[in-house]
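Could you walk me through this structure in the viewer, stop by stop? I would like to know what to select next and what I will find there.

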Amino acid sequence: MTLAVETGVISLKHITKTFPGVTANDDVSLDIVSGQVHCLLGENGAGKSTLISILAGMQQPDSGAIEIDGVPVRLGSPRAAKDHGIGVVYQHSTLVPTLSIIENLMLGETGLLKNEKRAIARLEELSDLLGAAIRPHSRTSELGLGQQQQVEIAKAMWTGSRLLILDEPTSMLTPRAIDALAENVARLKAGGLAVVFITHKLREAYAMGDCITVLRAGKNVLHLAPGDLEGRSEDQVQDAVLKAMFGGDLAAAGGKGAASDLAGATERTRESVAIDYTQRPTRLRLDGISTRGKTMDVVVTDVSLSVHEGEIFGIAGIDGHGQTGLAEVVAGQRPASSGRVLLDDVDVTGKGVRERQALGLRYASDDRLHEGTVGSLSVALNLMLKRIGEAPFWRWGYTNRSAIDAEARQMVDDYEVRTPSLTTRVGALSGGNIQKVVLARELKGDARVLVVNKPTYGLDLKTVQLVHELLTDFAEKGGSVLLLSNELDELIVLAHRIGVISHGRIVGTVENRGTETAAKVGQLMIGGGEHDQK
């Protein structure tokens with residue numbers, strides 16, 4: 001596909017943006033150069049999302065200026081940003097769920113792209129570049145989050161001709177699609193396009209970035225120009241980035257773990273499990289579970305598995321192959337068309353969400369912003385959503401605000417939720433802090449089984465480490481976890497056994513034995529046959 005690329009430099013000069021109780025960007029300056037991939041890193045709440053919003057015309061800086069080729073510009077609206085050739089892929093979906101893919105892509109377009117035939121042809125070109133099968137007339141509400149993100153990337157490329165901003169674009173893509181995206185970014189870069197690539201994966205930044213900027217607490221604390229990266233090893237760059245992100249306190253960055261654990265995701269191995277969890281009591285059992293779905297859904301078909309006391313059972317697979325349906329049928333949000341769901345040998349197939357919760361089942365959705373929380377409600381109320389009506393927080397129909405606030409404050413402290421106050425809208429928090437709210441709520445109390453889907457999607461290194469610790473601690477105390485993740489490294493670090501899902505079926509189960517596990521799981525993912533591997 002040929003893009004009309006406008007070369008030059010976009011400069012942010014002394015950008016400051018504050019919100020009540022928070023300075024999101026504090027005197028940030030950086031240059032975004034055509035033909036370069038500029039990687040932007042920082043933990044959740046560091047100010048990356050606000051900076052993106054300013055570049056996209058969604059927010060206006062309180063002070064500072066934006067220049068294109070030395071000329072001041074005002075990006076007063078998203079349309080103004082698009083008119084200057086700036087396209088953005090946000091971490092959370094901006095698609096209209098009731099519209100088809102092609103209708104979403106054509107929204108707001110004028111001229112030739114009003115012609116659907118031409119628009120479909122362009123979508124096919126973008127699909128080839130992304131290595132994705134994007135069907136133009138599929139309704140976006142029927143897509144998995146990974147598939148939605150592929151459409152978001154196409155949407156940004158649809159309009160971006162000077163700068164393409166990618167916010168965690170690889171979090172839920174398959175390895176093949178990630179390679180295709182990397183090749184595509186390289187082609188766009190070679191054509192003169194500037195790319196801002198936001199990621200928490202340090203190896204990804206090292207491999208794809210021409211320069212790296214690190215934000216911490218709203219400030220630009222590190223910039224590695226192309227000349228700074230030349231001659232530095234990957235380990236040297238990772239050390240510099242980690243020190244900048246966490247102020248040199250690398251031990252604190254990893255919580256209970258070592259700082260080295262944060263950087264070495266793909267080469268970490270899980271020691272062979274000494275405990276035979278299959279000899280422990282079965283907490284969750286699925287017997288031949290199948291679901292019905294809409295035309296575009298990947299339904300779950302004849303899934304059987306068991307999760308034992310203290311065990312983390314991982315589900316690996318390409319996004320959109322039935323993971324969400326599997327999680328929802330266990331949680332009680334989707335009915336089973338056949339088969340049984342058992343909790344502690346109690347058949348709960350016909351029971352609803354609240355009844356399963358009363359038996360100790362908890363569910364953390366992969367859509368933490370829309371399904372996992374109510375963005376317009378306060379942090380305190382989101383933490384208490386599953387306990388509405390319970391004493392002492394509600395009595396005789398009245399809200400006991402002091403009891404709610406006391407409980408919420410304890411949870412905020414225990415789970416390290418960064419929030420200006422308990423009354424702050426949860427939707428105003430960073431993605432990592434929203435996830436902490438979700439996990440704090442689900443793990444609090446008498447949780448016995450946790451179903452969690454993509455728990456670390458889009459999170460920074462420190463929050464990833466915290467989430468891993470929460471899941472591990474829960475299992476070590478006797479809880480059982482059904483962990484669905486597109487990050488194979490994450491599954492190898494956490495899971496005792498890993499089942500591989502493909503087209504709604506479990507095609508094999510692998511005992512986790514560290515580095516050799518990745519090859520076995522990968523073989524099953526690409527069609528290595530239906531069997532269990534030890």
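Here is a short tour through cysteines, cavities, a nonpolar core and two backbone spots, all in a predicted model.

**Stop 1: the cysteines**

Select Cys 39, which lies in strand E3. With 0% relative accessibility, Cys 39 is buried. Now add Cys 211 to the selection; Cys 211 is buried too, at a relative accessible area of 3%. How far is the sulfur of Cys 39 from the closest cysteine sulfur? The separation is 7.6 Å, and the partner is Cys 211, so the two are too far apart for a bond. Seen from the other side, Cys 211 has the sulfur of Cys 39 as its nearest cysteine sulfur and is in no disulfide. A disulfide would need the sulfur atoms within 2.5 Å, and the count of disulfides comes to zero.

Before leaving, show the C-alpha atoms of Cys 39 and Val 214. These two residues are 175 apart along the chain, yet their C-alpha atoms are separated by 8.4 Å.

**Stop 2: the largest cavity**

Next, turn to the empty space inside the model. There are two cavities of 30 Å³ or more, and the largest has a volume of about 70 Å³. To frame the largest cavity, select Leu 30, Ile 32, His 38, Leu 40, Leu 51, Ile 52, Leu 55, Val 196 and Ile 198, which line it. Colouring by secondary structure helps here: strand E2 (22–33), strand E3 (37–41), helix H1 (48–55) and strand E8 (194–198) each supply at least two residues of this lining. Which element gives the most to the lining of the largest cavity? That is H1, with three residues. By class, the lining holds eight nonpolar residues, one polar residue and no charged ones.

**Stop 3: the second largest cavity**

Now select Asp 319, Gln 323, Asn 453, Lys 454, Leu 484, Ser 485 and Asn 486, the lining of the second largest cavity. The space in this cavity is about 30 Å³. Its lining divides into one nonpolar, four polar and two charged residues.

Keep Lys 454 selected for a look at the backbone. Lys 454 is not a glycine, but its phi is positive, at about 50°. You will find Lys 454 in the loop between strand E19 (449–453) and H17. Is Lys 454 buried or exposed? Its relative accessibility is 6%, so Lys 454 counts as buried.

**Stop 4: the largest nonpolar core**

From that loop, move on to helix H17 (residues 461–476), which gives the most to the largest nonpolar core, with seven residues. The core has 48 residues, and Leu 383 and Leu 483 touch the most other members. Colour domain 2 (270–360 + 446–534) and domain 3 (374–445) separately: both give residues to this core, so the core lies between them. As background, nonpolar side chains in soluble globular proteins tend to be buried together.

**Stop 5: a second positive phi**

Finish at His 503, in the loop between strand E21 (497–502) and strand E22 (505–511). His 503 is not a glycine either, and has a positive phi of about 55°. Most residues other than glycine have a negative phi. Switch on the surface for one last contrast: His 503 counts as exposed, at 59% relative accessibility, whereas Lys 454 counts as buried.

Key:
Residues numbered from 1 in each chain as written. Predicted model: local features only at pLDDT ≥ 70, side-chain atom pairs only at ≥ 80, totals over all residues. Heavy atoms only, no water. Buried < 20%, exposed > 50% of the residue type's maximum accessible area, 1.4 Å probe, protein only. 1 Å grid on protein atoms, 1.4 Å probe; cavity = no way out; pocket = protein on both sides within 12 Å on 5 of 7 lines; lining within 4 Å. Points joined across faces, edges and corners; volume = space filled by probe spheres on them. Helix = DSSP H or I, 4+ residues; strand = E, 2+ residues; numbered from the N terminus. Nonpolar A, V, L, I, M, F, W, Y, C, P; charged D, E, K, R; others polar. Core = buried A, V, L, I, M, F, W, Y, C linked by side-chain atoms within 4.5 Å. Domains from an automatic or database assignment.
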